[in-house]
Amino acid sequence: MRERVLTQLLADVLNGSVVAEIKKRNPRYLRDDKFAWLNESVASVNGQPLENIPEIFGVRLSKYFGFVTAFHGSRPNSASDFLNHGLKLSDTATLQNRAVDLFGDSENLRNAILDLRGSYERSNNAGIWLCVTKEAFLQRHDHYLAEGSEYLSAIAGRIGQNVKLRAIGTPVIVECLVPNEFLDQEFWHSLSCDIIEDYFIKLLRPSAKRGVNTLCMRITQAIVPENILCIHEYSEHKRSHKWADPQTGAIQCAEDVIFRPLKRRIPTAYSTSTSK
């Protein structure tokens, strides 16, 4: 679908001759020069002034899509919270009270909260962080599944209570629709660059392995229950592994957690309404 959208929205600039020129150039680094190779190819082949094609594509994307499918990793006590209330904005005051309920009021806890004031608190309060792929939370940001709220996890880490936090709740990834008006142009530009890069990697290096897309967004408006598409639940499995220290030869041990999807599907307001 992404390939179709790119060729459709850039049909006036990305023609067969431009693609042939790009194949001839075969740029080594697709993104590092801010797609100068693409802008130059379009300008030289089409005989037009040099333009920022990713920026143009980003603006067109923002007008093309009414919603974007996105994912939010969490560890709620019950998935019904999302079914009944959707995705609510993070509230640091509420999370501070929850920390007191979980860990007890103490000087260490109060100091941890004070330590997190400023930029960290501002970036987490009154917002929701989401990614454009589910895999991002399974391979790169699995700490959200392990401990839930990043702010609450940071408090727990400062007072040595992460183990207790990991014993509470169920790991889930919430799939939802984010309305176009919730997203700024910076997001659309980043998405534009991702789609262009994916397209030309497949075209120029078909055997290359593409990493997980970790593009994220911060929105400042809540997601209503009707826009919750699906709630993906996971089970946790501990895995131990050993290796020899390359300098001393001593055997080192570590344990990590992998998340495996449960087969059951939780009905949402969206899935119920579309099945009627």
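Start by selecting His 85: at 46% relative accessibility, this residue counts as partly exposed. You're looking at a predicted model, so take the whole tour in that spirit. His 85 sits in helix 5, which covers residues 80-85. Now show what surrounds the side chain. Setting aside neighbours within four places in sequence, His 85 is in contact with Ile 223 and Pro 225. While you're there, click the C-alpha atoms of His 85 and Glu 226: they are 141 residues apart along the chain, yet separated by 9.4 Å.

**Zoom out**

Next, select everything and switch to cartoon. You should find 14 helices and six strands in the protein. Turn the C-alpha trace along its principal axes and the span is about 70 × 60 × 40 Å. How much of the protein is buried? Of the 276 residues, 41% are. Put a surface on and the accessible area comes to about 15500 Å²; carbon and sulfur atoms account for 49% of that.

The link you just saw from His 85 to Ile 223 and Pro 225 fits into a wider count. Take the contacts between residues at least 6 apart in sequence: 80% of them join residues at least 24 apart.

Fancy colouring by charge? You'll pick up 34 positive and 32 negative side chains. The centres of those two sets lie 5 Å apart.

**Helix 6**

Select residues 92-103, which make up helix 6, and pick out Gln 96 there. Is Gln 96 buried or exposed? Its relative accessibility is 17%, so it counts as buried, the cut-off being under 20%. Show the contacts of Gln 96 and, not counting residues up to four places away in sequence, you'll see it touching Ile 113, Glu 121 and Tyr 151.

**The loop between helix 2 and helix 3**

Go to helix 2 (16-25) and helix 3 (36-46), and select Asn 26 in the loop between them. Asn 26 has a positive phi of about 45°, although it isn't a glycine. With a relative accessible area of 40%, Asn 26 is partly exposed.

Now pick Phe 35, which is found in the loop between helix 2 and helix 3. Phe 35 has a positive phi too, at about 65°, and isn't a glycine either. What about its cover? Phe 35 is at 1% relative accessibility and counts as buried.

Keep Phe 35 selected and add Trp 37, Tyr 199 and Phe 200: ring pairs link these four into a cluster.

**Ring hunting**

Stay with the aromatics for a moment. How many aromatic pairs are there? The count comes to six. For one of them, select Tyr 64 and Phe 65: the ring centres are 4.9 Å apart and the planes stand at 90°, so this pair is edge-to-face. Tyr 64 is partly exposed at 32% relative accessibility, whereas Phe 65 counts as buried at 19%.

Another edge-to-face pair to select is Phe 187 with Trp 188, at 5.3 Å centre to centre and 70° between the planes. Both Phe 187 and Trp 188 are buried.

**Helix 13**

Select residues 185-204 and you have helix 13, with 20 residues. Put a distance between its first and last C-alpha and you'll read 28 Å, close to the 28 Å expected at 1.5 Å a residue. Helix 13 is mostly covered, with 14 of its 20 residues buried.

For a partly exposed spot, click His 189, which lies in helix 13 and has a relative accessible area of 30%. Leaving aside neighbours within four places in sequence, His 189 is in contact with Pro 54 and Glu 55. For a sense of scale, draw a line from His 189 to Ala 20: they are 169 residues apart along the chain, and their C-alpha atoms are separated by 25 Å.

**Last stop**

Follow the chain on from helix 13 towards strand 4 (216-219) and select Ala 208 in the loop between them. Ala 208 counts as partly exposed, at 39% relative accessibility. To finish, draw a distance from Ala 208 to Arg 140: the two are 68 residues apart along the chain, with 20 Å between their C-alpha atoms.

How values were computed:
Residues are numbered from 1 along each chain as its sequence is written. Side-chain values use heavy atoms; hydrogens and water are left out. Helices (H or I, at least four residues) and strands (E, at least two) are DSSP runs, numbered from the N terminus. The expected span of a helix is 1.5 Å times one less than its number of residues. Buried means under 20% relative accessible area, exposed over 50%, partly exposed in between (1.4 Å probe, protein chains only). Rings of Phe, Tyr and Trp (its six-membered ring) pair if their centres lie within 6.5 Å; planes under 30 degrees apart count as stacked, over 60 as edge-to-face and the rest as tilted. Contact means heavy atoms within 4.5 Å. Accessible areas come from the Shrake-Rupley method with a 1.4 Å probe; for residues, only the protein chains shown count as cover. Lys and Arg count as positive and Asp and Glu as negative; His and the chain ends are not counted. The place of a charge is taken as NZ of Lys, CZ of Arg, CG of Asp or CD of Glu.
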